[in-house]
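Student: I would like a close look at how the helices of this model are packed, taken one contact at a time. Please keep to what can be read from the coordinates.

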Amino acid sequence: MGVGIGEDPLTGRLVRLRAVTEDDLPTLARWWADPAVATFQDGGPLHPKPAAQLIDMLRSWSTNESLDVGLAVTTLDGELAGHAALHQIRPKDRVGTYGIMIGPEFQNRGLGTDTTRVMLRYGFTELNLRRIELVAFGYNERAIAAYRRAGFREEGRRREATFRGGSYHDEVLMGVLRREWAEPA
């Protein structure tokens, strides 16, 4: 499994992951500020934030100076499509947390599933993680389905842990272990 020595571990069937550039940050911040995207990214209230604050946040997530890694998601022809990260990496435990944001105009094309598969491969075969985990909002059924397709399993729920749209929703805890993961042929 994985890629051969000298092959690009950050290229999938539909996406290529690369370092985030300064030019990417305004678009990523605009997507993050979009309520249709923010609803699935953050469980807190939808408070409008200045673009500069969002750019600083995304920049800090993408420095790749520590074990944590934040990458731009692009289509194979180089068009910016989103951001993906493995963060909160705990070296002793070899565990990381996965996060992804795909821009609205790039959704429903399989890019999220392909990005997730690439990040799992990268996490397991380059970062030597043994477990990758995430938390998804129960109302984000499309993401949960993509995570399952990539190999994540539901491990539990925090019942009614997030308040959104006037109702309480579950947070779905998901994870995949290195020994369970199998890259699709």
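In particular, is the crossing in which H1 passes H3 left-handed or right-handed?

Tutor: The model is a predicted one, and in it H1 passes H3 in a right-handed crossing. The axes of H1 and helix H3, which spans residues 51–61, come within 9 Å and cross at roughly 110°. Since angles from 65 to 115 degrees count as roughly perpendicular, that crossing makes H1 roughly perpendicular to H3. On the H1 side the contact is made by Leu-25, Pro-26, Leu-28, Ala-29, Trp-32 and Ala-33, and on the H3 side by Ala-51, Leu-54, Ile-55, Met-57, Leu-58, Arg-59 and Trp-61. Sorted by class, the residues of the contact of H1 with H3 comprise 12 nonpolar, no polar and 1 charged.

The burial pattern of H1 can be set beside that contact. Within helix H1, residues 25–33, the buried residues are Leu-25, Leu-28, Ala-29, Trp-31 and Trp-32. They lie on the same side of H1, because the arc they cover around the axis is only 160°. As background, an α-helix has 3.6 residues a turn, so residues three or four places apart point the same way.

Helix H5, residues 141–150, can be read in the same manner, with Ala-143, Ile-144, Ala-146, Tyr-147 and Ala-150 as its buried residues. These, too, cover an arc of only 160° around the axis, and therefore fall on the same side of H5. What the buried residues of H5 pack against is strand E4 (95–102), helix H4 (111–125), strand E5 (131–137) and strand E7 (167–177). After H5 comes Gly-151, which has a positive phi, near 125°.

Of those partners, H4 offers another helix crossing to examine, for the axes of H4 and H5 come within 9 Å and cross at roughly 45°. An angle of that size makes H4 oblique to H5, and the crossing of these two helices is right-handed. Here Thr-113, Thr-116, Arg-117 and Leu-120 of H4 meet Ala-146, Tyr-147, Arg-149 and Ala-150 of H5. By class, this contact of H4 with H5 has 4 nonpolar, 2 polar and 2 charged residues. Ala-146, Tyr-147 and Ala-150 thus appear in the contact with H4 and also among the buried residues of H5.

Two arginines in strands complete the picture outside the helices. Arg-18 has its place in strand E1, residues 15–18, and counts as partly exposed because its relative accessibility is 28%. Leaving aside neighbours within four places in sequence, Arg-18 is in contact with Asp-24, Leu-71, Ala-72, Thr-74 and Leu-80. One of these partners, Thr-74, is 56 residues from Arg-18 in sequence, while the C-alpha to C-alpha separation of the pair in space is 7.7 Å.

Arg-157, in turn, lies in strand E6, which covers residues 153–164, and with 42% relative accessibility Arg-157 likewise counts as partly exposed. Its contacts, again leaving aside neighbours within four places in sequence, are with Asp-170, Glu-171, Val-172 and Leu-173. Arg-157 and His-169 are 12 residues apart in sequence, and their C-alpha atoms are 10.0 Å apart in space.

Definitions and conventions. Residues numbered from 1 in each chain as written. Predicted model: local features only at pLDDT ≥ 70, side-chain atom pairs only at ≥ 80, totals over all residues. Heavy atoms only, no water. Buried < 20%, exposed > 50% of the residue type's maximum accessible area, 1.4 Å probe, protein only. Helix = DSSP H or I, 4+ residues; strand = E, 2+ residues; numbered from the N terminus. Arc of directions from axis to C-beta. Contact = heavy atoms within 4.5 Å. Axes fitted to C-alpha atoms, helices over the stretch in contact; angles between N-to-C directions. Parallel < 35°, antiparallel > 145°, perpendicular 65-115°, else oblique. Left-handed = near helix turned anticlockwise from the far one by under 90°. Nonpolar A, V, L, I, M, F, W, Y, C, P; charged D, E, K, R; others polar.
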